[in-house]
Amino acid sequence: MKITLDLLYELLGVERHWAPFTLLRNARTVRGHLPPLVLSVARGEGAEMGPGSLAELDRMERRASTYRAIAEDLTTSPGTRVLKGPSLAARYPRGVLRPLGDLDVVVPDEVQLWRAASRVLADWPVNRMDLTVLYTAGTRHTALALCWPSEDPMLDPELKVEICTFAYPGDSGDVPLRAGTPPEQVLADLLALAEERFQRPFTVKDVLDVAVVFTSPGLPPLAAVVRAADHFRLTPELLELCRAVREVRSLAHTVPGGLIRALEEATPVEQERRRAGACPPAAPAGTVRERLDAGLPAYGVLLRTADTPQTDTCAVVEDFSAGTLLRTPIGDFLLVDGEIVDPELYEAALAAVGGTAR
């Protein structure tokens, strides 16, 4: 598939007679870190570019290279997989930079999560950790985001590596968390794109990703795509995404009509499954322990980091006089139910782990 400035003008709804400056300005207003993509295509077509745009493109190429290096390092561990990101970028035409906001890493269990986290912590200047923990079907799952400043924090978002013991979080309602992935990387990536619909509307970047997937080698038969979408409870979302691609005149041919029809047949089955499994929202729980027992998420506030990570163990949930802690191999966290933390609770938690205020 060829990605051209003409296609980007169409996708972003900019009339073709406007200068590339207008195209880039519109790209900055759309979710999905699109400017690097626009700049790389413009460079490939010989557009006039000054030092500012070239410097931005160079920074974004280094950012993508950083994520590729991290992905290559982490996926040497058995069962660890990176979704979307570098594997989708490799399907883009040579010279076209697929933007990368963060890196999504899926690990098979909690021990592998702490091992992966310790490797990132050892190699990169992480200055923030965001943690979520929840129980589903009796199994504890963890999502850990490791963040650090970008090369130019005034212009670019921070770098973030999110490591999870699950691939598809669902919508905390009708569609549950699903831990596994299809064995084929391209299917795992495609479903991860569809899964994004539970968090936000689809974007131009999603549409372009799907078009690239369906025009690149290695896609399994369409029947396998539909089976995977059905197995992972994502037929309505994948149908919506594929329809969005078909609505773009220059991309309509990339998604087979047979796939649309098959997803249309499968979607009512999933919708009925969701209606049948729907349950009223869980009542707010009074303590973090009660939230976890009710299958609701708790969030970690970092109290102190471990001097020497012990990465062959799992975390331990531990109550103290004022609340609940998560003692992990990479550090200790106070578990809370929201963004606002009582300062007295925080100080009590620090005292409980023998830490000092950061």
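## Strand pairing, a covering helix and a pocket

Leu131 has Leu144 in E4 as its bridge partner. This pair belongs to a predicted model, and it offers a convenient point of entry into the sheet. Strand E3, residues 128–136, and strand E4, residues 139–148, are paired in the antiparallel sense over 9 bridges. Another position in this ladder is that of Met129, which stands opposite Leu146 in E4. The two strands form a hairpin with 2 residues between them. In that turn, Ala137 has a positive phi of about 50°.

Strand E4 may next be followed to its other partner. Strand E5, residues 159–164, runs antiparallel to E4, and 6 bridges join the two. Among the facing positions, Ala145 has Glu162 in E5 as its bridge partner, while Cys147 stands opposite Lys160 in E5. Is E4 mostly covered, or are its residues mostly left unburied? Of its 10 residues, 9 are buried, and the strand is thus described as mostly covered.

From E5 the path leads on to strand E2, residues 103–106, where the sense of pairing is parallel and extends over 4 bridges. Here Val106 stands opposite Cys164 in E5.

These pairings can now be placed in the whole sheet. Which order do the strands take? The sheet is open and consists of 9 strands in the order E1-E2-E5-E4-E3-E6-E9-E8-E7, with mixed pairing. Its edges are strand E1 (81–83) and strand E7 (316–320), each of which pairs on one side only. On average, neighbouring strands of this sheet are turned by 30° against each other, direction ignored.

A helix can be located against part of this sheet. Helix H13, residues 343–353, lies across strand E6 (298–305), E7, strand E8 (323–328) and strand E9 (331–336). With respect to E6, H13 runs at about 50°.

The edge strand E1, spanning 81–83, leads to a further group of contacts. Gln185 is found in helix H7, which covers residues 185–195. Which residues does Gln185 touch, not counting residues up to four places away in sequence? They are Arg81, Val82, Leu83 and Ser87. Gln185 and Val82 are 103 residues apart along the chain, and their C-alpha atoms are separated by 8.9 Å. With a relative accessible area of 26%, Gln185 is classed as partly exposed, because the class of buried residues is limited to values under 20% and that of exposed residues to values over 50%.

The last feature to consider is the second largest pocket, which has a volume of about 290 Å³. Its lining comprises 20 residues, of which Arg28, Pro35, Glu56, Leu155 and Asp156 lie nearest the centre of the pocket. Which helices each supply at least two residues of this lining? Helix H2 (20–28), helix H3 (35–44) and helix H4 (51–74) do so. The largest share, 6 residues, comes from H4. By residue class, the lining of this pocket divides into 11 nonpolar, 3 polar and 6 charged residues.

Technical notes. Residues are numbered from 1 along each chain as its sequence is written. This is a predicted model: local features need pLDDT of at least 70, side-chain atom pairs count only at pLDDT 80 or more; totals for chains, interfaces and linings use all residues. Side-chain values use heavy atoms; hydrogens and water are left out. On a 1 Å grid over the protein atoms alone, a cavity is a set of points where a 1.4 Å probe fits but cannot get out, and a pocket is an open set with protein on both sides within 12 Å along at least five of seven lines; lining residues have an atom within 4 Å of a point. Grid points are joined across faces, edges and corners, and a volume is the space filled by probe spheres set on the points. Ala, Val, Leu, Ile, Met, Phe, Trp, Tyr, Cys and Pro count as nonpolar, Asp, Glu, Lys and Arg as charged, and the others, Gly among them, as polar. Two strands pair if DSSP finds at least two bridges between them. Axes are lines fitted to C-alpha atoms, for helices over the stretch in contact, and angles run from 0 to 180 degrees between N-to-C directions. Contact means heavy atoms within 4.5 Å. Buried means under 20% relative accessible area, exposed over 50%, partly exposed in between (1.4 Å probe, protein chains only).
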